[in-house]
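Hi,

Here is the structure I promised to pass on to you. Have a look at it first, and then read my notes underneath.

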There are 2 protein chains.
Amino acid sequence: MIRLFIAEDQRMLLSALGSLLDLETDMKVIGQATSGEEALKAILELEPDVCLMDIEMPVMNGLEVAEELVRRSSVSKVIILTTFARPGYFERAVKAGVQGYLLKDGEIDELADAIRKVVNGKRIFSPELTVNVFREENPLTPKEQEILKLAALGKTTKEITKELYLSSGTVRNYISEIIHKLGAKNRTEAASIAEKKGWI
Amino acid sequence: MIRLFIAEDQRMLLSALGSLLDLETDMKVIGQATSGEEALKAILELEPDVCLMDIEMPVMNGLEVAEELVRRSSVSKVIILTTFARPGYFERAVKAGVQGYLLKDGEIDELADAIRKVVNGKRIFSPELTVNVFREENPLTPKEQEILKLAALGKTTKEITKELYLSSGTVRNYISEIIHKLGAKNRTEAASIAEKKGWI
DNA sequence: AATATGAGGTGACAAATGTCATATTGTCAG
DNA sequence: CTGACAATATGACATTTGTCACCTCATATT
């Protein structure tokens, strides 16, 4: 019997997946969580065979949970299950050593199959991802990301200087560099691009 | 037997809801769609008793579909099912005369109950919404919304003038007014605010 | 000791943005 | 017809943004 844990903040999907996977004769859902923190704690305690993990969750996101599980040498296998084919996410998940990365874009039957494969030691990745998308790394340094996040909220250069203790010239230099790296024409477009790619 | 139609662009949730509701002894899922356009066509043809309708779908969103159904005097009842408690969405749904507005934040059992109530002529709304949130109307005119949408993508004033056939002064006046209405300090912050509230 | 390298900074400049007061024009109720 | 209104436009202005060349200083590297 495969022991499953599901972490997913959209309760409707969580309960739907729970009910349906429980109907499979060889699986049992032993726990659920709607936040990353909750999930981490429960997984360490319950040691499920496989965790289905959403990325965008409150408190701690699914990638952080996956990374932390590896750090604590958990035996549970992780399948990331997300809406987003964002290259940044995928790459980070692979680096964290997850056993699968699926998009919420397939049928559930596929999901059950995938779980069985992972239990048997295989790795599974949505084909949409592995093909072209992989090598698009986040070109932004951590500092640039931090600055762009603030700019995306509409903060002015001056406000950013105050939050980050930098001079206004420096902030403008950073933003100029960000705009150049992303091929944007102004900070707003840069923010729009980076958000779409999952880089900030 | 209640005849259901489900429109939802996240395939995993679509198929999960489909399977689970089909298990209910008094319901039958007679159709599914993953885009608004598809949904509209199928609903007009199949005339289901109840449609579950996501808002954010490609081609035509769920609210537009609901409005169009009313316009064509469809007999099918509509329950909006969405992640977002955005006041703008809710208000528009109510105006369109939908029979229910639920958040994807509850269990499926609740959903089945809600469907039965709607069939019996009741209306159901997630309590989170009706309480406080209602009276926050979208302060932006359609034109302002259109302009702000473009600005949110990082388009410059000049690019906006070309798309909308307005002079640059007019565009700047509009943006100035938008910024004022939203209490923002620049177009980027205005976009950020409007997006969060579901106004653009 | 000599030299990269990287984080942060200056100053100058052109362009874009935001504000405001003031037109022009067309539509529509009275 | 007239006056109110909405949509669009102008011009003038102060600020903010984006670009670029060059500076400083502390660590690493050789």
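Below is what I found, starting with confidence and then going through the two DNA strands.

Keep in mind from the start that this is a predicted model. Its overall scores are ipTM 0.65 and pTM 0.69. Chain A has an average pLDDT of 88, and 95% of its residues score at least 70. Within chain A, strand 1 (residues 2-7) has the highest confidence, at 96, while helix 6 (residues 127-130) has the lowest, with a mean of 66. Where pLDDT is low, the predicted coordinates shouldn't be read in detail.

Now for DNA strand C. It has 18 residues around it, and the closest are A:Ser167, A:Thr170, A:Tyr174, B:Arg172 and B:Arg187. Two of these turn up again when you look at polar contacts with the phosphates. A:Tyr174 has a polar side-chain atom 2.8 Å from a phosphate oxygen of strand C, and for B:Arg187 the distance from a polar side-chain atom to a phosphate oxygen of this strand is 2.5 Å. B:Ser176 joins in too, with a side-chain N or O atom 3.0 Å from a phosphate oxygen of strand C. Which elements give two or more residues to the surface near strand C? They are helix 9 of chain A, plus helix 8 (157-164) and helix 9 of chain B. Sorted by class, the residues of that surface are four nonpolar, nine polar and five charged. Of the strand C atoms within 4 Å of the protein, 54% are from sugar or phosphate, and the rest are from bases.

On to DNA strand D, which has 17 residues around it. Those that come nearest are A:Arg172, A:Asn173, A:Arg187, B:Ser167 and B:Tyr174. B:Ser167 uses its backbone here: a polar backbone atom sits 2.8 Å from a phosphate oxygen of strand D. With A:Thr157, it is a side-chain N or O atom that is 2.8 Å from a phosphate oxygen of strand D. For a contact to a base, go to B:Asn173, where a side-chain N or O atom is 2.9 Å from a base oxygen of strand D. Helix 9 (168-182) of chain A and helix 9 (168-182) of chain B are the elements that give two or more residues to the surface near this strand. That surface has four nonpolar, nine polar and four charged residues. As for the strand D atoms within 4 Å of the protein, sugar or phosphate accounts for 57% and bases for the rest.

Cheers

Definitions and conventions
Residues are numbered from 1 along each chain as its sequence is written. Chains are lettered from A and ligands numbered from 1 in the order in which they are written. This is a predicted model: local features need pLDDT of at least 70, side-chain atom pairs count only at pLDDT 80 or more; totals for chains, interfaces and linings use all residues. Side-chain values use heavy atoms; hydrogens and water are left out. A residue is near a molecule or strand if one of its heavy atoms lies within 4 Å of it. A polar contact is a pair of N or O atoms within 3.5 Å; within protein, one must be able to donate a hydrogen and the other to accept it, and residues adjacent in sequence count only if both atoms are side-chain atoms. Helices (H or I, at least four residues) and strands (E, at least two) are DSSP runs, numbered from the N terminus. Ala, Val, Leu, Ile, Met, Phe, Trp, Tyr, Cys and Pro count as nonpolar, Asp, Glu, Lys and Arg as charged, and the others, Gly among them, as polar. pLDDT is the predictor's confidence in each residue, from 0 to 100.
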